[in-house]
Amino acid sequence: MKKLISVLMAAMLAFAMLPVTVLAEDGPSNAPYAFLYAEELDNNGAQTANRFTFYNECTVYDNVYDGIHYNKDTNELCFDREVTDTKLRICANMMGDDFAIRIDGKTALEQIVVWGDGYGGNLTVKGSGELTVNARKNFDMAIAMQAEGTAGKVSFDNNIKATLYGKECAVKIIGSTAKSSGDAFSFANSQSVDISKKDCVTEQYENIDGVYPSGYKLWGGLVCDSASDPDGVYTVSQGWRGDDEDTVLFWVHRYIYLPKYDTYMEDNSFGDYGSLEFTEDEWAQQTNYAPRQEPSDEPAMLDYYDADNLDADWNYSANQAINPNDPDGLYGYSSYSSESGGVTEYGYAIDHYIQAPNSDKLIKDADFKTIYLTEDEFTEAGWEIVMGTRDVTLECENSVNSSWMQVYKDSNGKKYAVEWGENVYDFTENEGVQVGDNFYYYLEKNESVSVSSLTPSIIEVKNDGVYNYEITAKEFVYNGGSSEPVTPPAPAKISIAKATVTGVKNKVYTGKNLTQSIVVKVSGKTLKNGTDYTVKYTNNKDVGTATLTVTGKGGYTGSVKKAFAINPKATALTKVTAGKKQFTAQWKKQATQTTGYQIQYSLKSDFASAKTVTVSKNGTLKTTVKKLSAKKKYYVRIRTYKTVGKTKYYSAWSAAKTVKTK
């Protein structure tokens, strides 16, 4: 098989940035393309060669920049000193809804850019001090957030004084699902922030000036034929993952034609994040995808090596020819010219090639004598030139109006393309598009959408003449067209079997069913009782061991159990009377849920080295403790107990009384 032409896979980051509807999370994502870095800019806002990475591919990097470090436990980028001496832009992707920048003293930055990538990416500025961003006004906004289908929010703590500059606005949140600017911004110290244009919230998905060039270039690659889908359009690209040039990878993508732009769009519903990945060995062994070739107007090339240097990194090439007397042999020719009597004659020098011993490489046949033929002799003798083939390349480098696009398939297999923030393009009947768990449709003014079957939850957000409708109905009709039920697949539920349950405490018997005030967290996220889980109690009235069971609900499944003790009520000493080397203790009767009592006494107020006397009947209300030391002060206290099965449950100790023996 011919070697595939290498195609740089710079588009992989672009795929990761496409909008996806998922729940936002706390803490950085474990995805390999989650990152946090600072890059140094020049006076004009252009990138320099200096980049300082604090988090990437699930790894925290320390000591990369003096005075700045990333704390993964708190999910904070911490400025440990005043940083005003360099021109830094902070860039974060998929760092979670609790991501924060903590400053101490004065900090000056060129810009802050946060991507959500469908995972969640809020920004909170914490600490105390002064933050200045974009003072040189190189950028349209000081803080740019690509919320990417999440309710991205920007917040400032009370003790932060922020001065933000922007030619367009101080802060812009793009692709947000926030329902109002109040949901998107929180300026605790607003008098020091330019908030006159802070409501730059838009549903339209667009590029950030200075971070990505205007326009999104669609990618192509070498066309592949798929044995399982002969009518589909597929490509393969070859490259490496990161800096590991020892691991050659092949990526297969599926494409759909976009009539509006006369180009092809990658189908992101194909494979993982829009592609299938193969190692070099896997690619050689798979049989479904084969790079497509077409006839070339150039001769086919035959590669051969020096017989004495088969391991060389270089090789020779010759044009391949067919010998009419040996059609199965491998022959190659090179052109030559000779001059005689002022006449130049052109012809071919032909050699025979064989496979080297113990190798799959070709070498010249040393026993074959080179044949020299003129062009006419070559043709007259019946020799033929083998014409080559060339790899077919999919051309789709058109710009798409600075919009990001993504292709989806509904449950019936129909394909749609979404121009984010504008329209849905269906290549058959213009029905709709499936995005995550819901259906979204972006309408221009005066367009309409009718919803059937279910009562929809419709949320309207007005920005610059564009309306955003979120439709949770599972059946729908667009602009009076025909309707087909399209039920999205149920999202995978999250197990709470290993949830963290706090707030469980032991209780005291009251005669009523006892409950707990608990907090349930999964992966750091606090769940809501009644929405995300339910709680059921067993044996939670009488003295003994009670159990609470937390069971997942909605998007959560599984259960987790926690036990707690219900202890008997306490009692109190009524009198302690001294005797000769003894004392008599009396107490109040505890009749309910009580088996007996324990009296404890000690020569020390902290009851160190204390001794205990057990009274096994709850009707007995006094006891005498003998064989004590004479004329000694004793501390005395009492508690109740109840035996359940083989376990004793004890009340709290009563207040202590003192007595001095005679």
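Here are some notes on the strands between β50 and β55 in this predicted model.

1. Start with the open sheet. Three strands make it up, in the order β50-β51-β54, and the pairing is antiparallel. β50 (573–579) and β54 (622–625) sit at the edges with a single partner strand each, so one side of each has no neighbour in the sheet. Neighbouring strands here are turned by 15° against each other on average, ignoring direction.

2. On to the β50 and β51 pair. β51 covers residues 582–587, and its antiparallel pairing with β50 runs over six bridges. Two places to look if you want to check the register: Leu573 is opposite Trp587 in β51, and Thr577 is opposite Thr584 in β51.

3. The connection is worth a glance too. β50 and β51 form a hairpin, with two residues between them. Lys581, in that turn, has a positive phi of about 55°.

4. Which residues of β51 lie on its covered face, and which on the uncovered one? Phe583, Ala585 and Trp587 make up the covered face, while Gln582, Thr584 and Gln586 make up the uncovered one. That fits the usual pattern, because side chains in a regular strand alternate between the two faces of the sheet. Going back to the register, Trp587, opposite Leu573, belongs to the covered face, whereas Thr584, opposite Thr577, belongs to the uncovered face.

5. On the β54 side, β51 pairs in the antiparallel sense over four bridges. Gln586 of the uncovered face stands opposite Lys622 in β54.

6. Now β52 (residues 596–602). Why call this strand largely enclosed by the rest of the structure? Seven of its seven residues are buried, so the description follows directly; the cut-off for buried is under 20% relative accessible area. Looking at directions, Gly596, Gln598, Gln600 and Ser602 point one way, and Tyr597, Ile599 and Tyr601 point the other way, with all of them buried.

7. β52 has pairings with β55 and β53 to look at. With β55 (residues 633–644), the pairing is antiparallel over seven bridges, and Ser602 stands opposite Tyr635. With β53 (residues 611–615), the pairing is again antiparallel, over five bridges, and here Tyr601 stands opposite Lys611. Ser602 and Tyr601 belong to the two opposite-pointing sets of β52, and both are buried.

Terms used. Residues are numbered from 1 along each chain as its sequence is written. This is a predicted model: local features need pLDDT of at least 70, side-chain atom pairs count only at pLDDT 80 or more; totals for chains, interfaces and linings use all residues. Side-chain values use heavy atoms; hydrogens and water are left out. Two strands pair if DSSP finds at least two bridges between them. Axes are lines fitted to C-alpha atoms, for helices over the stretch in contact, and angles run from 0 to 180 degrees between N-to-C directions. Buried means under 20% relative accessible area, exposed over 50%, partly exposed in between (1.4 Å probe, protein chains only).
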